[in-house]
Each structure stands twice: as C-alpha cells, then as structure tokens.
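Here are some short exercises to help you find your way around a new structure. Try each task on your own, then follow the solution step by step.

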Amino acid sequence: MLILIVGLVLFLGAHSARIVAEPARERFIAQRGENAWKGLYSVVSLVGIVLIVVGYRAAPNVYLWFPPTWLRHVALLLTAAAFVLVVAAYVPGNRIRAAVGHPMVLGVKVWALAHLLANGSLPSIVLFGAFLAWAVADFVSARRRDRRAVTEGVAADRAAGRLGPTLASVGIGLVAWFVFAVWLHQWLIGVSPIAVGGAAG
C-alpha cells in the first residue's frame, strides 16, 4: 500500500502545481524555461504512474464493502459519460466544453466516482478516492483561474460551441468507451466491466 500512496503523491502532486504552487511553477518556468518544466513534470508523472500500477497490484485486496450489481451498472454508465467528457476536452468548438469549461477534469471526477461505486476494496478506495479529491480541487482551482482571467480582461476560451463538434465528441467518446469496456479493460486490467461482478471501465 505504501508504494501505491507514494505513486499517488508523485503523480497527483505533479498535477497539482497550479493548485498549490502556481507562483513557484511560474518562477521555475521563467528561470529554466517551459521545456525544462515539461520535462520534470513528465518524469515525475511517469514515475508516479509506474508506482501506482505496481503498488495497486501489490496491495492486499481487503474488501470494506461489496457493491450491489445495480450500482455497477450505474458506474458503467458514468464511465461512458466520463469518456465523452475527456474527448470533448480535445475536440475544438463543441458545446460540452463551452458549458463545463474543463471537461477533462470533470471527466476524471466522474470516472473516479464511478470506480468508487463499483469497487469496495481498500486499494481501490485509496486510488480512486485520491483521484476524486484531486479532480474536485483542480476543478475549483481552474474555475477560480477563469474568474481571475475575466476580471483581468483576458479572453476566456468559451465559444458557444457548434452541433457538429458536439456530436463528434459524443460519438467518439462512446465508441472509445465501448471498445475499452468490451475489450481493452479485460486485457489491461484483467477484469471485464461488462461481466457481472466486474469493475467499472
């Protein structure tokens, strides 16, 4: 469990610089350049991901509760929404991004919540609970930066959005979710979210 926690601290810590240390981040970039920051960020994130995977697999599988089957179905639907939100973060001009502002972070929040609903083991609660807490904090921080940008007269990327890119976001997200849930989740994680008793995708 310690390896999992260290991995979470490294990975989520690297992704929390704008939440808790924005001035330090800006000073680092000003002194050493943006590429140096991206390099450090990438290395720390990669090490964190490796430790999370190793730590999660090695952690004792202690169950604190056993989710009912219907809750797993709810989680499966939530992960579909999460995939659509993540895709919407990268498709320009869609209405989802215009409405929520930060669909990637919101997608992580929904994904983590879905996995908390579908998994009752201690390692799962630690892993997905940490991601949910981070996503909530990051979303609040991002909204605060948006309000500050508007106050300072900086144009915000909040175009109204068009129907075509919105439908593309939904379609690509649902196809990606289906492929992951039916095939890739079993292959990568070892559990099928479609099968009864499986974890969410």
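**Exercise 1.** Decide whether Leu12 is buried or exposed, and find what Leu12 touches.

*Solution.*
Step 1: Locate the residue. Leu12 sits in helix H1, which spans residues 2–14; helices (H or I, at least four residues) and strands (E, at least two) are DSSP runs, numbered from the N terminus.
Step 2: Apply the cut-offs. Buried means under 20% relative accessible area, exposed means over 50%, and partly exposed is in between (1.4 Å probe, protein chains only). Leu12 has a relative accessibility of 9%, so Leu12 counts as buried.
Step 3: List the contacts, where contact means heavy atoms within 4.5 Å. Not counting residues up to four places away in sequence, Leu12 touches Ala130, Phe131 and Trp134.
Step 4: Check a distance. Leu12 and Ile49 are 37 residues apart along the chain, and their C-alpha atoms are separated by 9.6 Å.

Before you go on, a word on the source: this is a predicted model, in which local features need pLDDT of at least 70 and side-chain atom pairs count only at pLDDT 80 or more, while totals for chains, interfaces and linings use all residues. Residues are numbered from 1 along each chain as its sequence is written, and side-chain values use heavy atoms, with hydrogens and water left out.

**Exercise 2.** Describe the overall build of the protein: how many helices and strands are there?

*Solution.*
Step 1: Count the elements. The protein has nine helices and zero strands, which read along the sequence as α-α-α-α-α-α-α-α-α.
Step 2: Judge the compactness. The radius of gyration is 18 Å, close to the 17 Å that the globule rule gives for 201 residues, so the protein is as compact as a globular protein of that length. This radius is taken over C-alpha atoms, and the globule rule is 2.2 Å times the number of residues to the power 0.38.
Step 3: Picture the box. Along the principal axes, the C-alpha atoms fill roughly 50 × 45 × 25 Å.
Step 4: Look at burial and contacts. Of the 201 residues, 39% are buried. Among contacts with a separation of 6 or more, 72% come from residues 24 or more positions apart.

**Exercise 3.** Work out which residues of helix H3 are buried and which are exposed.

*Solution.*
Step 1: Find the buried residues. In H3 (residues 22–32) they are Glu22, Arg25 and Phe28. They cover an arc of only 125° around the axis, which puts them on the same side of H3; the arc is that of the directions from the helix axis to the C-beta atoms.
Step 2: Turn to the other side of H3, where Arg27, Ala30 and Gln31 are exposed.
Step 3: Identify the cover. Helix H2 (17–20) and helix H4 (34–58) are among what covers the buried residues of H3.
Step 4: See what comes next. H3 is followed by Gly33, with a positive phi near 100°.

**Exercise 4.** Compare the settings of Val44, Leu64 and Arg97.

*Solution.*
Step 1: Start with Val44, which is in helix H4. Val44 has a relative accessible area of 25% and is partly exposed. Leaving aside neighbours within four places in sequence, Val44 is in contact with Leu10 and Ala14. The C-alpha atoms of Val44 and Phe11, 33 residues apart along the chain, are 6.6 Å from each other.
Step 2: Move to Leu64, in the loop between H4 and helix H5 (69–88). With 54% relative accessibility, Leu64 counts as exposed. Leu64 touches Gly120, Leu122 and Ile125, residues up to four places away in sequence not being counted.
Step 3: Finish with Arg97, in helix H6 (residues 95–100). A relative accessibility of 27% makes Arg97 partly exposed. Arg97 and Leu85 are twelve residues apart along the chain, with 8.1 Å between their C-alpha atoms.
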